[in-house]
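Biologist: Please pick one part of this model and give me a close look at it, with the cut-offs spelled out. I'd like one connected story rather than a list.

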Amino acid sequence: MAVSDECKLKFMELKRKKTYRYIIFKIDQVAQQIILERTGGPEATYEDFASHLPENDCRYGVYDFDFVTDDNCQKSKIFFVAWSPDTSRVKAKMTYASSKDRFRRELDGIHYELQATDPTEVGLDIMRDRAN
């Protein structure tokens, strides 16, 4: 599965310039490549990100999670989310699962990965626990 150059460019902007809070990617079955679906600006919230993960279809997402450590230091960690709800089609789940590792390697700078089949597996509390 090919990865569009726009995906890599937007990820670098999220990582280096903090231009985005999140990015959602999808697989274009016709073009057989991973493309950009949506971005959220720096002011976007986690709820904005989660609300754009479709209920019945798979997606990849990247979320830049800001938090404060126990030592009162401001930190940021980038999460890769493989969203594959139980209600999505089997073919879609298989396509996303088989493309995930290669796509993740294209995005240099991911700190954590979450595999989620429902909203509780990709909650803000899960990210907070993983980041600390």
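Modeller: What follows is a walk along one helix, then outwards into its surroundings.

Some ground rules before we start. This is a predicted model, so local features need pLDDT of at least 70 and side-chain atom pairs count only at pLDDT 80 or more, while totals for chains, interfaces and linings use all residues. Residues are numbered from 1 along each chain as its sequence is written, and side-chain values use heavy atoms, with hydrogens and water left out.

For context, an unreviewed UniProt entry annotates residues 1-132 as "domain: ADF-H"; UniProt positions are given in the numbering used here, the feature name is shortened, and such annotations may be inferred rather than shown by experiment. Over that stretch the chain is 33% helix and 32% strand, with the end C-alpha atoms 33 Å apart. Helices (H or I, at least four residues) and strands (E, at least two) are DSSP runs numbered from the N terminus.

The part I'd zoom in on is helix α3, residues 90-106. With 17 residues at 1.5 Å a residue, α3 should span 24 Å, and the 25 Å between its end C-alpha atoms agrees (the expected span is 1.5 Å times one less than the number of residues). Even so, α3 has a kink of about 45° centred on Lys100, where the bend is the angle between axes fitted to the seven residues ending there and the seven starting there.

Which residues of α3 are buried? They are Ala92, Thr95, Tyr96, Ser99, Lys100 and Phe103. Buried means under 20% relative accessible area, exposed over 50%, and partly exposed in between (1.4 Å probe, protein chains only). As a reminder on helix geometry, an α-helix has 3.6 residues a turn, so residues three or four places apart point the same way.

Now back to the kink. Lys100 counts as buried because its relative accessibility is 15%, and Lys100 forms a salt bridge with Glu113, the closest N and O atoms being 2.5 Å apart. That pair links distant parts of the chain, with Lys100 in α3 and Glu113 in strand β6 (residues 112-116), 13 residues apart. A salt bridge here is a side-chain nitrogen of Lys or Arg within 4 Å of a carboxyl oxygen of Asp or Glu. Glu113 has 23% relative accessibility, so it counts as partly exposed.

Further along, salt bridges that share partners join Lys8, Arg102 and Glu106 into one network. Arg102 sits in α3 and is partly exposed at 38% relative accessibility. Arg102 touches Met1, Ala2 and Val3, leaving aside residues up to four places away in sequence; contact means heavy atoms within 4.5 Å. Take Ala2: it is 100 residues from Arg102 in sequence, yet their C-alpha atoms are 9.2 Å apart.

Two of the buried α3 residues bring us to the rings. Tyr96 and Phe103 belong to one aromatic cluster with Phe25, Tyr60 and Phe80. Twelve aromatic pairs are found in the structure; rings of Phe, Tyr and Trp (its six-membered ring) pair if their centres lie within 6.5 Å, with planes under 30 degrees apart counting as stacked, over 60 as edge-to-face and the rest as tilted.

Just ahead of the helix, Ser84 lies in the loop between β5 (74-83) and α3. Ser84 is buried, with a relative accessible area of 11%. Leaving aside residues up to four places away in sequence, Ser84 touches Cys58, Lys93, Gln115, Ala116 and Thr117.

Cys58 has an interesting pair of neighbours in sequence. Arg59 meets Glu37 in a salt bridge (2.9 Å, N to O), linking strand β4 (residues 59-68) to strand β3 (residues 33-40) across 22 residues. Arg59 also meets Asp57 in a salt bridge (3.1 Å, N to O). Arg59 counts as buried at 9% relative accessibility, whereas Glu37 at 31% counts as partly exposed, and Asp57 at 22% is partly exposed too. In total, the structure holds eight salt bridges.

To sum up the helix: α3 kinks around Lys100, and Lys100 is also the α3 partner of Glu113 in a salt bridge.
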